[in-house]
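I opened this entry to record what I looked up in the structure. The notes follow in the order I took them.

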Amino acid sequence: MTQRSTTRSWLVPALLGSAAALGASALYAVSKAREAEQRHPPIGSFLTVDGVRLHYVERGSGEPLVLIHGNGTMIEDFLVSGIVDELAKRYRVIIIDRPGYGYSERPRALWTPRAHATLFQKALQQLGVSQAVVLGHSWGSLVAVALALQAPRLVRSLVLASGYYYPTLRADVVLFSPPAIPVVGDVMRYTVSPVISRLILPGLIKGMFAPAAVPERFDREFPKELMLRPSQLRASAEDAAMMTPVTVELQEHYRELKLPVVIITGADDQIADVGRQSERLHREIANSEFIVVPGMGHMIHHLAPDHVVRAIDHASERVRARAA
């Protein structure tokens, strides 16, 4: 038997076996995604902006307040934290699933914070919002900043929670970005990525809350299964890959923010370094206030909801004080 025929004798079955395994993994991923969506259907309404279908929730009435979630999460992140119940007593609270998360679509595009901001500005116009207080958490803080820079008449004041604002070397960017790569990433997010993500998700969630424990309500009510769908894995990977590069551009404009800004973070945030990120931003923005909550981690709206609610109220009050 020649070497070529020997190679062919094991190579063809190996390729067929690999293809079968990948196909089975893809069917499993699709099946689990459908199961997750059946268990956790949309809880809000839909609107279409520039061809992108967005899922959003409104609660309460009063001054408009927009909440922008971070990487990997969705509308339910704010709802489960409990802050919406309190804020809805005096604000018209609007939460939009960012493109690719929850039930919002994410067409192939370069989804920078500025692209998000443009979409959000048009969405808020459709909802009849001309002015609003805006809170952004984590990656959402970049969207909030971009929105304030692009639409200063729309954003009355900013609350920036547990944000990332300046470029640093981050291991998580390298680890979580591969599913964002076209073609290769598409294969990954329908095969190995959902399986690996399912295994590491509990540890990732613990890290988001550390050093505090994961709240029982989050563990019980947050639809973690939706995070593992191939569509959301792509969005999360793209945001992770984009995180450091976009801050290179945005950091050149922070000093242009002239509106009231309240920066809030947990003192022991293990996702975004407090000194290099939130504290540095506070020094750079003249009209900012800085709140540090001792012993708390990255998910500050879950761990210190009263502090976040007071920060929002204070941001709103500062606008009224300036107008008086």
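**Sheet and its packing**

I began with one strand pair: strand 5 (residues 132-137) runs parallel to strand 6, and six bridges join the two. The model I am reading is predicted. Within this pair, I found alanine 132 facing valine 155 of strand 6. I then checked how strand 6 is covered: seven of its seven residues are buried, so strand 6 is largely enclosed by the rest of the structure.

Next I traced the whole sheet. It is open, has eight strands in the order 1-2-4-3-5-6-7-8, and its pairing is mixed. Which strands stand at the edges? I noted strand 1 (45-49) and strand 8 (288-293); each has a single partner strand, so one side of each has no neighbour in the sheet. On average, neighbouring strands are turned by 25° against each other, direction ignored.

I looked at the strand 8 end more closely. Strand 7 (residues 261-266) and strand 8 run parallel and are joined by six bridges. Isoleucine 264 is placed opposite isoleucine 291 in strand 8. Helix 12 (residues 275-284) packs on the sheet here and touches strand 6 (155-161), strand 7 and strand 8. I noted that the direction of helix 12 makes about 155° with that of strand 8.

**Helix 4 and helix 5**

I turned to helix 4 (residues 113-126), which lies across strand 1, strand 2 (52-59), strand 3 (63-68) and strand 4 (91-96). Helix 4 runs at about 120° to strand 1.

At what angle do helix 4 and helix 5 pack? I have about 65° for helix 4 against helix 5 (residues 139-150), with the axes 8 Å apart. That makes the two helices roughly perpendicular. The crossing of helix 4 past helix 5 is right-handed.

I listed the residues in this contact. Helix 4 contributes Pro113, Arg114, His116, Ala117, Thr118, Gln121 and Leu124. From helix 5 come Trp139, Leu142, Val143, Ala146, Leu147, Leu149 and Gln150. I sorted the contact residues of both helices into nine nonpolar, four polar and one charged.

**Threonine 112**

My last look-up was threonine 112, in the loop between strand 4 and helix 4. Is threonine 112 buried or exposed? Its relative accessibility is 18% and the cut-off for buried is under 20%, so I entered threonine 112 as buried. Leaving out residues up to four places away in sequence, threonine 112 touches Trp139, Met242 and Val246. I marked Trp139 twice, as it is also listed in the contact of helix 5 with helix 4.

Terms used
Residues are numbered from 1 along each chain as its sequence is written. This is a predicted model: local features need pLDDT of at least 70, side-chain atom pairs count only at pLDDT 80 or more; totals for chains, interfaces and linings use all residues. Side-chain values use heavy atoms; hydrogens and water are left out. Two strands pair if DSSP finds at least two bridges between them. Helices (H or I, at least four residues) and strands (E, at least two) are DSSP runs, numbered from the N terminus. Axes are lines fitted to C-alpha atoms, for helices over the stretch in contact, and angles run from 0 to 180 degrees between N-to-C directions. Contact means heavy atoms within 4.5 Å. Angles under 35 degrees count as roughly parallel, over 145 as roughly antiparallel, 65 to 115 as roughly perpendicular and the rest as oblique. A crossing is left-handed if the near helix is turned anticlockwise from the far one by less than a right angle, and right-handed if clockwise. Ala, Val, Leu, Ile, Met, Phe, Trp, Tyr, Cys and Pro count as nonpolar, Asp, Glu, Lys and Arg as charged, and the others, Gly among them, as polar. Buried means under 20% relative accessible area, exposed over 50%, partly exposed in between (1.4 Å probe, protein chains only).
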